[in-house]
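Please take a moment with the sequence and the three-dimensional view below, and then follow the paragraphs that come after, which go from one side chain to a set of strands.

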Amino acid sequence: MTGDMSDTIAAISTALGPAGIGVIRISGPDALQIGLRAFRTNSGRLPQNRVATLGRLVDSEDGSHIDEAMITYMRGPHSYTREDVVEVSCHGGLAAVRSALRSIVNAGARQARPGEFTLRAFLSGRIDLAQAEAVADAVSAPTDLTLKAAEKQLQGALSNEVREIRSKCLDLLAQMEAEIDFTEDDVPPLPRRALHSQLLDIKRAIDSSIEGASEGILLRHGLRLAIVGTPNVGKSSLLNALLRTDRAIVTELPGTTRDVLEESLNLDGVPVVVVDTAGIRGTTDAAEAEGVERSKRALGEADLVLLVLDASRPLSRPDEDVARLVRNSRRPALIVMNKDDLPAQVTAARVADLLPDVGMVHTCALEHRGVESLRRAIIREIGAGSLTAGEIPLVSNERHREALVRAREHVRSSLEAVDDSLPSDFVSIGLHGAITELGLITGEDATEDLLETIFSKFCIGK
Ligand code: GDP
């Protein structure tokens, strides 16, 4: 995975498709030489370090013209990878960037693997593993809040915290090992009480770094929101109102929106995947059963369920069936009393009977009324209020949370060893475990397998 760093690698670093510009990145010891085989400066002079130079891309084999382009040379270590880097900006069309890459590869570069530039930045020590992961998150961030979380991690907020906790563990371990290795005359043993309080400090530091991780992870993965309800209550209209577009088909006839739809929604910065089960209908028993099945599936995957009811007609048996499904799923839910513009036929008390202790919002999906309250209720229900208020948690990646939780377990076992007056070795074991887990986050203790797992998910060119 870590590959041969003596290779010079190249890849198209911008998205493929018609675009104003496309960038081909070259990194490695021969970046400049290779770049110059595929590029002629207009001035005839060599490109200077960190200065964009105008010229043209040529076929490195026969010298024929490919495209007008700019070349930027960044001499290592002041570059993304810390190696010599050359970036060629040409027109962004598919043919232009592909011809450019072909010419550069023919000139001696190897095509980069996914994430290989960032891997090199990691291996050269310019960024750590958590920061490398943040690069991938920043690239794929669907909302501004997701981007903020990625940028916070990229700036090193999590890494610094983890490194500080890890170094406290290392200090403590050094003191303990001095105790084990030497006689009592050399090193006075750390009083148990002091040891206990230092361990407790470490545990508290881990606790506070995990705080808000669930919301952070929600930002990175997106919230799965299921919209369930019987046909014609206004699920598609509600989804449209939430999307503020007309992507879902709305019709007078029950059951036109046949399949489960998935839509991405930006809810005040929180990315949401909406699963709309508009296909649920009860014209026949079979269709009814299918609808219930679909509801079940959607519910199973949902972080939050919106049960939509038509408040302008009395509740039907199917309404009650779907409400029961929601209740039995035990997923967090909100009731949406839709068609609020028409005379009410359903009382809040009746609905509360079906689904006790569930929040309720009144909407008129047709006129997009009540939708703002619904958005706010969703944010409140998923506990994302602090996120939308701008509090970005340290942790937004499940891998990091798991490592922190395991590290905390190790520290806890050290604390127990102290409480039980066990010999120092038992305390050290826990500390060793915590140090390893924390090192997995920043990459000090990362194995080849872990690097492979992380970097293989990157796009090529990153
Ligand atoms: P779905 O089958 O649950 O997805 O329901 P639709 O969104 O397709 O809506 C069914 C019908 O109810 C359509 O004719 C909508 O225009 C109408 N409808 C939806 N929301 C409202 C509302 O708030 N008020 C009124 N009066 N009609 C609505």
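How far does the backbone nitrogen of Arg113 lie from a polar atom of the side chain of Glu116? In this predicted model, the backbone nitrogen of Arg113 and a polar atom of the Glu116 side chain are 2.7 Å apart. Glu116 also uses its side chain for a polar contact with the side chain of Arg110, at 2.7 Å.

Once these partners have been found, it helps to look at the surroundings of Glu116, which belongs to helix H3, a helix made of residues 116–123. Glu116 has a relative accessible area of 2%, and it counts as buried because this value is under 20%. If its neighbours within four places in sequence are left aside, Glu116 is in contact with Ile9, Arg110, Gln111 and Lys462.

The contact with Ile9 can serve as a way into the strands, since strand E1 covers residues 9–12. Strand E1 is joined to strand E2 by 4 bridges, and the two run antiparallel; within this pairing, Ala11 stands opposite Arg25 of E2.

Strand E2, which is formed by residues 21–27, is itself mostly covered, as 6 of its 7 residues are buried. Besides its bridges to E1, strand E2 is joined by 7 bridges to strand E6, residues 85–91, and here too the strands run antiparallel. To find this second pairing in the view, the reader can look for Gly22, which stands opposite Cys90 in E6.

Definitions and conventions: Residues are numbered from 1 along each chain as its sequence is written. This is a predicted model: local features need pLDDT of at least 70, side-chain atom pairs count only at pLDDT 80 or more; totals for chains, interfaces and linings use all residues. Side-chain values use heavy atoms; hydrogens and water are left out. Buried means under 20% relative accessible area, exposed over 50%, partly exposed in between (1.4 Å probe, protein chains only). Two strands pair if DSSP finds at least two bridges between them. A polar contact is a pair of N or O atoms within 3.5 Å; within protein, one must be able to donate a hydrogen and the other to accept it, and residues adjacent in sequence count only if both atoms are side-chain atoms. Contact means heavy atoms within 4.5 Å.
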